[in-house]
Amino acid sequence: MINIAVLGYGTVGSGVVEVINKNHASINKKAGDEINIKYVLDLRDFPGDPVEKVLVHDFEVIINDPEVDIIVEVMGGVNPAYTFSKRALEAGKSVCTSNKELVAQHGTELLEIAKSKDINYLFEASCGGGIPIIRPLNSSLTADEIDEVTGILNGTTNYILTKMALEGSDFDDVLKDAQQKGYAERNPEADVEGYDACRKIAILSSLAYGSHIDYKDVYTEGITKISATDIKYAKHLGTSIKLLATSKKIEDGFYAMVCPVMINERNPLYSVNDVFNAIFVHGNVLGDAMFYGSGAGKLPTASAVVADVVDCAKHLHRNIMMNWSSQPLELMPVDHVKNRFFVRVKGSLTGDIGDVENVFGEVETVSLPDAPDEFAFITQEMCEADFAEKAEKLGTVISRIRAWI
């Protein structure tokens, strides 16, 4: 029997208990031993819930029990999750987590402790919910040199942008709808400002390239400035707007960024809608691969956590090597990254296109009948710094979105 403890009985924690109870026989078979939930830690009481039989309120009970081999950390946030995870690893107990904030901030340290103790720190559920992506990057794709990881990594923002496109609604209205349906938190900042996707691309990139990418170094821009008018232009052009998290290896080095991007149907992420997530990976041998599924939610996320529990059980007191070193990977300045840009400007297409072409050169133009006081254009490829300089010189720019079309 392998005893585990679950830290946190919220959405994911209760899901972990549910998955283990529901699929107990098949999970035990795959683990090669019986997985037993000995403790669930939470500050709250749950009257009438069967979890009462194993519920504890003091972490010391768990950390001091030599029979506990694996700890599932699904508390969220950095503290006390970091303290509990570190103490568990130092005590020789493997840890499985869905906590992307903790992994992005302290992952390298916790992985090193796990390696020194010949145990494991696993975090499959931290980046794509129920989508298997960590394990493929760490094992299935090791024959490749990965040169790009790009994904829709946040279900909340994808839902908002999808609904804006379907209904022509404004961001604020759709956000309220997402909050009412439970897709967005009461304080949605981490999602809509891109911080959640930023942490996830930092983790995925660190694994893909084998060196540490600090999430604080990733240029991050959210979707709060995307308007119903932007969506109308995108539809007119046969494109969609997605919040993409990307990292790429190019001749000059590596870059990583999170931002809204206009993409067309040739892009494999074009048709990923609603709360679904997808992660595109390119390798020099494999070519293109895409991983698609439920990027969040109670049971999909819990399923990925329990898969890590099974992996820990199969490798009890034997470390699974992770391709993520503490050696920092220096990212090139975002000013040097090249993109095309979709740009909205004040004025009329007939009277002011000359001013635009004098600054930006040859451009593709578009206008909307219900937006008579503005028009839009798509630039040639240029670096971010050049675009910023030209936009300031033009002086009539309303907004801009990067365009991969």
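Select I71 and V95 in this predicted model. I71 stands opposite V95, a residue of strand β5.

**Around β4**

Widen the selection to the two strands behind that pair. They are β4, residues 68-73, and β5, residues 94-97. The two pair in the parallel sense, over 4 bridges.

Now trace the backbone from β4 to β5. The chain passes through helix α4, residues 81-90, on the way. This β-α-β crossover is right-handed.

Next, add strand β1, residues 2-7. β1 also pairs with β4 in the parallel sense, here over 5 bridges. Pick out V6: its bridge partner in β4 is V72.

Is β4 mostly covered or mostly open? Turn on a surface and check. The strand is mostly covered, with 6 of its 6 residues buried. For the cut-off, buried means under 20% relative accessible area. While side chains are shown, keep a rule in mind: in a regular strand they alternate between the two faces of the sheet.

**Around β17**

Jump to strand β17, residues 397-404. Which strands should be selected with β17? Start with β10, residues 253-264. β10 and β17 run parallel and are joined by 3 bridges. Zoom to M262, which stands opposite A403 in β17.

Then select β13, residues 338-346. β13 and β17 run antiparallel, and 6 bridges join them. Label F342 to finish: its bridge partner in β17 is I401.

Note on methods. Residues numbered from 1 in each chain as written. Predicted model: local features only at pLDDT ≥ 70, side-chain atom pairs only at ≥ 80, totals over all residues. Heavy atoms only, no water. Buried < 20%, exposed > 50% of the residue type's maximum accessible area, 1.4 Å probe, protein only. Pairing = 2+ DSSP bridges. Right-handed = clockwise from strand over helix to strand, strands pointing away.
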